[in-house]
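Here is a set of questions on how the terms used for the spaces and the domain boundary in this protein are justified. Each answer sets a value against the rule behind the term.

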Amino acid sequence: MTTPTHPRILLIVGGGIAAYKACELVRLIRKGGGSVTCVLTDGGAQFVTAMTLAALSENPVHTTLWDLKNEVEMGHIQLSREADLVVVCPATADLMARMAAGIADDLATTLLLATDKPVLAVPAMNMRMWQHAATVRNVATLRGMGVTVLEPDEGAMACGEYGPGRLPEPPAIWDAIRAMTGRDPLAAQPDFALADHRPLYGRHVLVTAGPTHEPIDPVRYIANRSSGKQGFAIAAAAADAGARVTLVAGPVNLPTPPGVERVDVETAREMAAAVDAALPADVAVMVAAVADWRAAEDAPHKLKKDGSGQVPPLALAENPDILATLARSPRRPRLLIGFAAETQEVVTHGQAKRLRKGADWIVANDVSGTVMGGADNAVHIVTAAGVESLPEMPKDRVAAALVERIVHALV
Ligand code: C5P
């Protein structure tokens with residue numbers, strides 16, 4: 001596996017108003033040291049010209065399958081294979097539908113079918129089109145086929161409506177391109193070499209992350225200090241390795257990693273239901289710091305001080321143990337991984353937890369310092385075979401190391 005130092009991008013510009021942002025993306029790729037060859041669809045040509053893209057990319061722009069001269073000098077097969085990454089931006093509802101169906105009736109769809117390179121689709125469309133069952137199905141199909149589909153941004157649209165469907169800003173798209181081509185500084189590390197050959201292609205990886213919030217009344221809740229960073233990093237690393245990833249996230253303030261399907265939940269019981277709905281999965285990595293207890297009663301109105309000096313009693317009820325339930329379930333994933341946040345005797349507690357919960361592995365970490373919310377983590381991977389202790393490192397390096405071990409466990 002070689003990590004390209006100057007990624008070669010084949011950029012397919014689809015027909016939507018967001019096509020003008022593809023011009024900005026070409027500039028960013030060039031500025032970042034990459035090269036770009038553009039393919040302009042008939043629809044794309046209604047919004048930007050081949051001349052603009054040729055001038056910005058300093059490369060010829062391809063527009064038709066029936067260009068005989070190019071079929072001799074630069075056939076569509078060659079065009080689809082000379083790149084390190086194929087980027088579809090904007091990916092319209094129509095273009096994604098045709099990709100999902102395997103239609104090859106123009107240059108863009110033909111080379112998407114012919115390529116053996118990773119594909120990144122960057123959707124942009126009206127929010128109702130994005131939320132339509134047909135598009136939801138097509139996006140799921142594409143992800144299942146190994147295409148990385150970014151989540152669109154939410155906001156005001158050219159059509160005057162407000163919601164999800166805006167093209168992500170070009171710097172965010174460039175970040176995703178760098179992550180997929182190993183251009184991120186961390187991606188150059190051996191553990192991140194996974195990004196290029198997608199060994200988890202065809203697998204479904206389920207990750208839980210973040211805290212849960214357990215309401216006491218409409219304004220108060222029980223929470224913990226989990227930031228979700230470790231779980232989000234694992235979801236990102238699994239997606240980079242080609243997996244279809246479902247990330248069930250508690251309330252956190254983190255962007256969804258590229259190519260990851262995210263389900264937001266608040267309480268442990270919602271998380272348990274979302275995990276159940278996401279099954280079957282080949283691998284589940286339960287990183288969430290699920291609250292052990294919830295308030296036995298969620299008061300419908302804000303609890304008030306009555307001036308008597310009496311504090312209201314707070315009765316607790318036990319939450320479902322999502323990991324232990326999954327371990328006993330007939331739909332148990334083949335590889336089930338739990339996390340153990342401990343403040344003392346980290347490995348001993350990790351070993352006991354592995355047996356008690358029925359997980360295959362427990363990733364045990366010491367949270368007595370600044371691990372919760374911090375950028376770094378030092379973990380011990382406890383398996384039936386023994387304990388592997390990794391040195392302290394950034395959470396995304398921990399994620400890559402774990403995904404590498406998942407890959408080996410599945411083959
Ligand atoms: O028992 P403890 O909370 O330390 O166990 C941690 C592991 O169990 C983590 O993987 C966490 O996601 C999972 N867990 C769970 N449901 C709970 C409590 C913990 O899935 N109610």
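Q: What makes a lining residue count as nonpolar, charged or polar?
A: Ala, Val, Leu, Ile, Met, Phe, Trp, Tyr, Cys and Pro are counted as nonpolar, Asp, Glu, Lys and Arg as charged, and the others, with Gly among them, as polar. Applied to this predicted model, the rule divides the lining of the second largest pocket into 16 nonpolar, 13 polar and eight charged residues. That pocket holds about 800 Å³ of space, and of its 37 lining residues Val287, Ala288, Ala289, Val290 and Phe339 are the closest to its centre. By the class rule Val, Ala and Phe are nonpolar.

Q: Which element supplies the largest share of the lining of the second largest pocket?
A: That share, four residues, comes from β16, while α11, α13 (322–328), β16 (335–342) and α14 (346–357) each supply at least two residues.

Q: Why is the largest pocket said to lie between the domains?
A: The protein is divided into domain 1 (8–180) and domain 2 (204–295 + 312–410), and because both of them give residues to the lining of the largest pocket, it lies between them. This pocket has a volume of about 1400 Å³ and is lined by 44 residues, of which Ala236, Pro255, Thr256, Pro257 and Pro258 lie nearest its centre. Among the elements that give two or more residues to this lining are α8 (133–144), α9 (170–180), α11 (229–240) and β12 (260–264), and α11 gives the most, with six residues. By class, the lining has 25 nonpolar, five polar and 14 charged residues.

Q: What makes the pair Glu261 and Arg143 a salt bridge?
A: The term requires a side-chain nitrogen of Lys or Arg within 4 Å of a carboxyl oxygen of Asp or Glu. The side chains of Glu261 and Arg143 meet at 3.9 Å, N to O, so the pair satisfies that limit. The count between domain 1 and domain 2 is one salt bridge.

Q: How is the size of the interface between domain 1 and domain 2 expressed, and which residues of domain 1 lose the most area?
A: An interface is often sized by the accessible area lost when the parts come together. Here the area buried between domain 1 and domain 2 is about 580 Å², of which carbon and sulfur atoms give 62%. On the domain 1 side, Arg143, Thr148 and Glu151 lose the most area to domain 2, together 55% of what that side buries. Eight residues of domain 1 are in contact with seven residues of domain 2, and the centres of the two domains, taken over C-alpha atoms, are 34 Å apart.

Q: What makes a space a cavity instead of a pocket?
A: A cavity is a set of points where a 1.4 Å probe fits but cannot get out, whereas a pocket is an open set. By this rule there are three cavities of 30 Å³ or more, and the largest has a volume of about 70 Å³. Its lining includes Arg143, Thr148, Arg198, Ala239 and Pro258, and because both domains give residues to that lining, the largest cavity lies between them.

Q: Why is the second largest cavity also placed between the domains?
A: Domain 1 and domain 2 both give residues to its lining, so the second largest cavity lies between them. About 50 Å³ of space lies in this cavity, and among the residues lining it are Thr148, Ala176, Ala179, Met180 and Asp240. The most is given by α9, with three residues.

Conventions: Residues numbered from 1 in each chain as written. Predicted model: local features only at pLDDT ≥ 70, side-chain atom pairs only at ≥ 80, totals over all residues. Heavy atoms only, no water. 1 Å grid on protein atoms, 1.4 Å probe; cavity = no way out; pocket = protein on both sides within 12 Å on 5 of 7 lines; lining within 4 Å. Points joined across faces, edges and corners; volume = space filled by probe spheres on them. Domains from an automatic or database assignment. Contact = heavy atoms within 4.5 Å. Buried area = accessible area lost by both parts, 1.4 Å probe.
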